[in-house]
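Welcome, and please open your viewer so that we can walk through this structure together. Keep the selection tool ready.

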Amino acid sequence: MRFAFCLFFLFLPLTVLADWPWSVADEPQPRVQVVKPFIEWRTGPAAGYPVFHASEKGEWLTLLKRKTSWLKVNDQKGREGWVHLSDVQDTVDETGEKVALSEPRFDDFESRRWEVGLLMGQFEEAASTAVYGGFMMTENLSAELWATQILGSASEIRMFNANIVHQPFPEWRVSPFMTLGVGHIFIEPKSTLAVPEDRDNSIGHAGLGVRAYIADNYFIRAEVKDYKIFTNRATNEEALEWKIGLSIFF
């Protein structure tokens, strides 16, 4: 499991693109003026973080960066905190015009280009943890790379796959998809009663799944895959895997 988590955190820096600054180096940060009676500040980018300060009408705030529906700001006294996008939309800029910022919404999900995710489930009777990264080639087709770790009672398994995903209804909030791919599986037996025989086999697989948009840049993904493991024996093997987890798009 540690192996899959390590790979997930290798992908994680890509998600920082969903947390972007408002200007490049050497450019002045945009400022907005509070026109409501007050705006509450929180210590982090979510409603669960505590309110620790409030800016009053007429104060100027500098926009530092945005994370989904929250913006990091500071004031003329150097204090920093997070305010909700809806509060910033009620401010004015230095020309006196009302600030216009768009909220993350389902349209962004439809037009996403990249996604990464962490899913957990079962590969036959063993627990599996998988991470993936995907690129949308068209609105219906995407290419993905997967890494999976499976912890069984008799062996530890690692899999690496490449998928093509067809999503026939990308405009649906809950959208089904089909997958087809190939990869490699590495099986390391745990038994010490006999000389262990490591196995290294090619695999092919097909699957069905569904993406369900939640909010902001997040969606739930669930899928089932049927694997064919090509062995050197007289017969090949088959395995079924299901998993579900959280994905981020940008």
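The tour below goes from the strands to the charged pairs, and then on to the nonpolar residues. Please keep in mind that this is a predicted model.

**Stop 1: the barrel**

Begin by selecting strands β8 through β15. These eight strands close into a barrel, in the order β8-β9-β10-β11-β12-β13-β14-β15, with antiparallel pairing. On average, neighbouring strands in this sheet are turned by 25° against each other, direction ignored.

Now select residues 141-151 and 155-166, which are strands β10 and β11. How many bridges pair β10 with β11? There are 11, and the pairing runs in the antiparallel sense. To look at one of these places, click on E144: its bridge partner in β11 is N163. In general, strands of a sheet pair through backbone hydrogen bonds.

**Stop 2: charged pairs**

Next, show the side chains. Side chains of opposite charge can pair when their charged atoms come close. The structure holds 17 salt bridges, and we will visit three of them.

Select E115 and R221, whose side chains meet in a salt bridge at 3.3 Å, N to O. E115 sits in strand β8 (residues 114-123) and R221 in strand β14 (residues 218-230), so this pair ties together parts that are 106 residues apart in sequence. Are these two residues buried or exposed? Both E115 and R221 are buried.

Stay on β14 and select E223 together with K243, another salt bridge with an N to O distance of 3.3 Å. Because K243 belongs to strand β15 (residues 237-249) and E223 to β14, the pair ties together parts 20 residues apart in sequence. K243 is buried, with a relative accessible area of 2%. E223 has 4% relative accessibility, so E223 counts as buried too, the limit being under 20%.

Now widen the selection to R112, E115, E144, R211, R221, E223, K225, E241 and K243: salt bridges that share partners join these residues into one network. You have already met E144 as the bridge partner of N163.

For the third pair, select D90 and K36, which meet in a salt bridge at 3.9 Å, N to O. This pair links distant parts of the chain, 54 residues apart: D90 is in the loop between α2 (85-88) and α3 (106-110), and K36 is in the loop between β2 (31-33) and β3 (38-42). D90 counts as partly exposed, at 29% relative accessibility. K36, at 27%, counts as partly exposed as well.

**Stop 3: nonpolar cores**

Select L61, L63, L71, V73, V83, V88 and L101. They belong to the largest nonpolar core, which has 13 residues, and they touch the most other members. Which elements give two or more residues to this core? They are β3, β5 (60-67), β6 (70-74) and α2.

Then move to F123, I150, M159 and A239, which are among the 11 residues of a second, separate core.

**Stop 4: a nonpolar patch on the surface**

Finally, switch on the surface and select I214, Y218, I220, V224, L240, W242, I244 and L246. Together they make a nonpolar surface patch of about 700 Å². β14 and β15 each supply at least two of its residues, and β15 gives the most, with four. End your tour on I244, which has its place in strand β15. At 45% relative accessibility, I244 counts as partly exposed.

Technical notes:
Residues are numbered from 1 along each chain as its sequence is written. This is a predicted model: local features need pLDDT of at least 70, side-chain atom pairs count only at pLDDT 80 or more; totals for chains, interfaces and linings use all residues. Side-chain values use heavy atoms; hydrogens and water are left out. Two strands pair if DSSP finds at least two bridges between them. Axes are lines fitted to C-alpha atoms, for helices over the stretch in contact, and angles run from 0 to 180 degrees between N-to-C directions. A salt bridge is a side-chain nitrogen of Lys or Arg within 4 Å of a carboxyl oxygen of Asp or Glu. Buried means under 20% relative accessible area, exposed over 50%, partly exposed in between (1.4 Å probe, protein chains only). A nonpolar core is a set of buried Ala, Val, Leu, Ile, Met, Phe, Trp, Tyr and Cys residues joined through side-chain atoms within 4.5 Å. Patches are made of residues with over 30% relative accessible area and no salt bridge: like charges are joined within 9 Å, nonpolar side chains (Val, Leu, Ile, Met, Phe, Trp, Tyr) within 5 Å. Accessible areas come from the Shrake-Rupley method with a 1.4 Å probe; for residues, only the protein chains shown count as cover.
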